[in-house]
Amino acid sequence: MMSSSMMITLLVHGLLLACSLHASAAADIGTCYGTLGDNLPSPTQIVALYKQYNIARMRIYSPVPGLSSALQGSGIQVMVGVPNNDLQSIASSQANANSWVQNNILAYRGVNWKYIAVGNEVRPNNGESGLAQYVLPAMKNIQNAVNQFGLSQQIKVSTAWEMGVLTNTFPPSQGQFDPSIGGYTLPIVQFLVSNGSPLLLNCYPYFTYTSNPQAIDLNYALFTSPGLVAQDGPNGYQNLLFAMVDSAYAALEKAGAGGVRIVVSETGWPTAGGVATSIGNAQTYNNNLIQKVKQGTPRRSGQPIEAYIFDMVDEDSKTPEFEKHWGLFTGTTLKYPVNFN
């Protein structure tokens, strides 16, 4: 018969394991906090919402001093952006990059900074084309500053791309970086390899579905397909997000960067204002996302995906109409039940 002391020991180990599994599962999901709205909660209210709902990670698109102050001591891991309109200044001067890190990172040592995203959705063949030349030099200067201030083990430097940097994304194994902009993407990929940084990927099955609803089943986009929808060699796909992410992994492999991890830096579903927008679809997508990312994609099975839901709060100053309605919250009111565990 097992002794009482051994039973207690096993029980304690079991509880610790359960707590560890709970923490790791919760830690893979964050939310993006955009601030283009008139009805936003205060910084202290936002931090309180993250804590109340066990949201372990936050993405912000530029430094917000009041929010940084409120985040100190919270333990929330933070991805902070270098805004696109700062790229030229930081690319042109190491001193400017040093000042940016001093003013926005070192000044708030109590914040658990995790990533610096240098630019958002910049590429040479979209609306931000004029800024593309500044992204890698700005990344290098920010990385130099991070190294200089002894932060390289804590903070990883990257940039956030969207699926437009890829081509041949279906089947996923054929994914590659668009050769027409390879002079932009491939040196950045090598920067990620050299610095052990992840690729930040804004990845929206919503937009893929709404661009071709006749060909893509809504269930495939919402994680509710009852069986496999697409087979790609040994890998079967039951949801669109995993197929999209794996096409990016295939591109990284072709670029000699198969060891680079992908962080889904934005994904979500709007509740109103457009095609297939509803409370029900958003609730289904985001709750399923939280559970599915724990599995990893078929190409990276067993490797949980770190993902950030867009958006934490509705941003009512955005256009067109559906852009106002991505939030999990309106103000401080949760729009539908979400289980972040």
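Q: Which two strands does α10 lie across, and at about what angle does α10 run to β11?
A: In this predicted model, helix α10 covers residues 240-254. The helix lies across β8 and β11, the latter being residues 262-267. Its direction relative to β11 is about 140°.

Q: In what order do the 8 strands close into a barrel?
A: Strand β1, residues 29-32, is joined to β2 by 3 bridges, and these two run parallel. The pairing in the barrel is parallel, and the twist averages 25° from one strand to the next. The order is β1-β2-β3-β4-β5-β8-β11-β12.

Q: Which residue in β2 does Cys32 stand opposite?
A: Strand β1 spans residues 29-32 and is joined to β2 by bridges. Across from Cys32, in β2, stands Arg59.

Q: At about what angle does helix α7 run to β5?
A: Helix α7 is made of residues 182-195. This helix lies across β5 (156-162) and β8 (199-202). The angle to β5 is about 145°.

Q: Which residues of the largest nonpolar core touch the most other members?
A: The core holds 107 residues, and helix α10 gives the most to it, with 10 residues. Ile142 touches Val82, Ile90, Ala97, Trp100, Val101, Ile116, Val118 and Val157, leaving aside residues up to four places away in sequence. The residues that touch the most other members are Ile116 and Ile142.

Q: Is Gln143 buried or exposed?
A: Gln143 belongs to helix α6, residues 132-148. Its contacts, apart from residues up to four places away in sequence, are Ser152, Val157, Phe191 and Asn195. Its relative accessible area is 6%, and the limit for this class is under 20%, so Gln143 is buried.

Q: Why is the pair of Tyr53 and Phe329 edge-to-face?
A: A search of the whole structure finds 17 aromatic pairs. The ring centres of Tyr53 and Phe329 are 5.3 Å apart. Their planes stand at 70°, and over 60 degrees is the requirement, so the pair counts as edge-to-face.

Q: How many residues apart are Tyr53 and Phe329, the pair that links distant parts of the chain?
A: Tyr53 is in the loop between α2 (43-52) and β2 (57-60), while Phe329 is in strand β13, residues 329-330. Tyr53 is partly exposed at 24% relative accessibility, whereas Phe329 is buried at 0%. Along the chain they are 276 residues apart.

Q: What is the angle between the planes of Tyr204 and Phe207?
A: Tyr204 is buried, with a relative accessible area of 9%, whereas Phe207 is partly exposed, with 32%. Both belong to one aromatic cluster, together with Tyr206, Tyr209, Phe223, Trp269, Tyr285, Phe310, Phe322 and Trp326. Their pair is edge-to-face, with 5.3 Å centre to centre and an angle of 70°.

Q: Over the ring of which residue does the charged end of Arg300 sit?
A: The charged end of Arg300 is 4.2 Å from the ring centre. The ring belongs to Tyr249.

Q: Where is Asp311, the residue joined to Phe310 by a cis peptide bond?
A: The peptide bond from Phe310 to Asp311 is cis, with omega near 25°. Another cis peptide bond joins Thr319 and Pro320, where omega is about -5°, and Pro320 is in the loop between β12 and β13. Asp311 is found in the loop between β12 (307-309) and β13.

Q: What is phi of Asn168, a residue other than glycine?
A: Asn168 lies in the loop between β6 (166-167) and β7 (176-177) and counts as partly exposed at 42% relative accessibility. Asn54, in the loop between α2 and β2, has a positive phi near 60° and is partly exposed at 31%. For Asn168, phi is also positive, near 55°.

Q: What distance separates the C-alpha atoms of Pro65 and Val80?
A: Pro65 is in helix α3, residues 65-71, and is exposed, with a relative accessible area of 51%. Val80 is 15 residues from Pro65 along the chain. Their C-alpha atoms are separated by 12 Å.

Terms used
Residues numbered from 1 in each chain as written. Predicted model: local features only at pLDDT ≥ 70, side-chain atom pairs only at ≥ 80, totals over all residues. Heavy atoms only, no water. Helix = DSSP H or I, 4+ residues; strand = E, 2+ residues; numbered from the N terminus. Buried < 20%, exposed > 50% of the residue type's maximum accessible area, 1.4 Å probe, protein only. Contact = heavy atoms within 4.5 Å. Phe/Tyr/Trp six-rings, centres within 6.5 Å; stacked < 30°, edge-to-face > 60°. Lys NZ or Arg CZ within 6 Å of the ring centre and 35° of its normal. Core = buried A, V, L, I, M, F, W, Y, C linked by side-chain atoms within 4.5 Å. Pairing = 2+ DSSP bridges. Axes fitted to C-alpha atoms, helices over the stretch in contact; angles between N-to-C directions.
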